[in-house]
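Below are some notes on the side-chain interactions in this model, set out as numbered points for you to read alongside the coordinates.

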Amino acid sequence: MLNRSNVKMSFKAANPKQNRTSLITSRKSRFRGGFTLIELLVVISIIALLMAIMLPALNRAREAAKRIVCMNNVRTLTTANTIYANENKGYYMPFVFPGSVLEDTSSYQARWFQMPYFRKLVDPGKTVDDSIANDLTVSKQFQCPSSPPHKEILDTGAERVDINYGYNWTGLNPDPRSSGFNPDFRGGYIGFKQSDVKYPQRCFAFGDSTDFGLVMQNADYKRMWDIFGDVQGSNTNPSGPGWNSPAYRHQEGINMGYWDGHCEYLKKEEAFRYAENGRWPDYQANDIMWVPARFR
């Protein structure tokens, strides 16, 4: 006598196709939670492709943010310089001060960024001693986030972090294309007056630099930046690269502040002009941008 269970067994035995299907399904269920090697390689390739697409965009965004911070720093310096001039009978912040300011009459040792009053204008929250001969620290407003840290070990063994912005002093010499200045000029005042600057809206005052100064002849990127890059000047080689040189560190461009107080970003080809043939500098255009005043 056939019962219901026997009928089911007989039906399964009579349907081998259904048996093969259930066997395949059971095997698939065993491997349902994993990936094949080919699938893993495809996923890894897609991730690598996305990273290759995204990383340049992320780097550009990161650099753009650093450039904005740098621009704010340059704007702070130009604003402080304007305030200084308004409070000092039209005299801008001197490039250097006589050594007597630091009780050292032997040379011009006090640089513009070391002077207490100017540093307080730049960073009102910083406590600055009136005697800054031994003050080797600088505020963040003097540091460009896109610049590699420039550190110098002094003869005393102390470490000094150099600043990343320069003050344009082109023209503090009868020869406007000279990098030197006359220490007897104006009785020891090494700087410009507001009335000296002929084109304040077109002439540079502060900008990205490899040193604390800026001069026109070192703005020639073909001769300096394209060869040496963001290298800091060395006290052992004061005539070498890095001294008073504009730094085109922002995607081959530079943040510049003008004597009238406004700031802008310029590509290196805009900050130092060449003639149409590309062989010789355009001296007339460069003089307007780089020479605040001529003293004959």
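**Notes on aromatic and charged side chains**

1. One aromatic cluster is formed by Tyr 92, Phe 95, Trp 112, Phe 113, Phe 118, Phe 142, Tyr 167, Trp 169, Phe 192, Phe 206, Phe 212 and Trp 259. The model is a predicted one, and the count of aromatic pairs in it comes to 20. Two of these pairs are taken up in the next two points.

2. The rings of Trp 112 and Tyr 167 have planes at 70° and centres 5.6 Å apart, so the pair is edge-to-face. The pair links distant parts of the chain, with Trp 112 in the loop between β2 (110-111) and α4 (116-122) and Tyr 167 in strand β5 (residues 165-168), 55 residues apart. Both partners lie under the 20% limit for a buried residue, since Trp 112 has a relative accessibility of 0% and Tyr 167 one of 2%.

3. Phe 192 and Trp 259 also form an edge-to-face pair, with 5.6 Å from centre to centre and 75° between the planes. Phe 192 belongs to the loop between β5 and β6, and Trp 259 to the loop between β8 and β9 (263-267), so the pair ties together parts that are 67 residues apart in sequence. Phe 192 is buried, its relative accessible area being 1%, and Trp 259 is buried as well, at 2%.

4. Turning to charged groups, the structure holds four salt bridges. One of them joins the side chains of Arg 249 and Asp 208, at 2.9 Å from N to O. This pair links distant parts of the chain, given that Arg 249 is in the loop between α5 (225-228) and β8 (253-258), while Asp 208 is in strand β6 (residues 204-208), 41 residues apart. Arg 249 and Asp 208 are both buried.

5. What other salt bridge does Arg 249 make, and with which residue? Its side chain meets that of Asp 230, at 2.9 Å from N to O; Asp 230 and Arg 249 both lie in the loop between α5 and β8, 19 residues apart. Asp 230 is buried, as is Arg 249. Through shared partners, the salt bridges join Asp 208, Asp 230 and Arg 249 into one network.

6. A further salt bridge is made by the side chains of Glu 252 and Lys 268, at 2.9 Å from N to O. Glu 252 is in the loop between α5 and β8 and Lys 268 in helix α6 (residues 268-271), so the pair ties together parts that are 16 residues apart in sequence. As to burial, Glu 252 counts as partly exposed at 36% relative accessibility, whereas Lys 268 is buried, with a relative accessible area of 10%.

7. Asp 220, found in the loop between β7 (213-214) and α5, deserves a separate look. Why does this buried residue have no salt bridge? The nearest side chain of opposite charge, Arg 223, is 4.4 Å away, and a salt bridge is counted within 4 Å, which means that this distance does not qualify. The side chain of Asp 220 does make a polar contact with the side chain of Tyr 274, at 2.5 Å. Leaving aside residues up to four places away in sequence, Asp 220 touches Trp 225, Phe 272, Tyr 274 and Pro 281.

8. Tyr 274 has a charged partner too, for the charged end of Lys 222 sits over its ring, 4.1 Å from the centre. Another such arrangement places the charged end of Arg 67 over the ring of Tyr 265, 4.1 Å from the ring centre.

9. The last residue is Asn 286, in helix α7 (residues 283-290), which is buried with a relative accessible area of 1%. Its side chain reaches the backbone nitrogen of Arg 273 at 2.8 Å. With residues up to four places away in sequence left out, Asn 286 touches Met 216, Ala 271, Phe 272, Arg 273, Pro 281 and Val 291. Asn 286 and Ala 219 are 9.4 Å apart in space, from C-alpha to C-alpha, and 67 residues apart in sequence. Phe 272 and Pro 281 are thus among the residues touched by Asp 220 and also among those touched by Asn 286.

Definitions and conventions
Residues are numbered from 1 along each chain as its sequence is written. This is a predicted model: local features need pLDDT of at least 70, side-chain atom pairs count only at pLDDT 80 or more; totals for chains, interfaces and linings use all residues. Side-chain values use heavy atoms; hydrogens and water are left out. Helices (H or I, at least four residues) and strands (E, at least two) are DSSP runs, numbered from the N terminus. Buried means under 20% relative accessible area, exposed over 50%, partly exposed in between (1.4 Å probe, protein chains only). Lys and Arg count as positive and Asp and Glu as negative; His and the chain ends are not counted. A polar contact is a pair of N or O atoms within 3.5 Å; within protein, one must be able to donate a hydrogen and the other to accept it, and residues adjacent in sequence count only if both atoms are side-chain atoms. Contact means heavy atoms within 4.5 Å. Rings of Phe, Tyr and Trp (its six-membered ring) pair if their centres lie within 6.5 Å; planes under 30 degrees apart count as stacked, over 60 as edge-to-face and the rest as tilted. A charge sits over a ring if NZ of Lys or CZ of Arg is within 6 Å of the ring centre and within 35 degrees of the ring normal.
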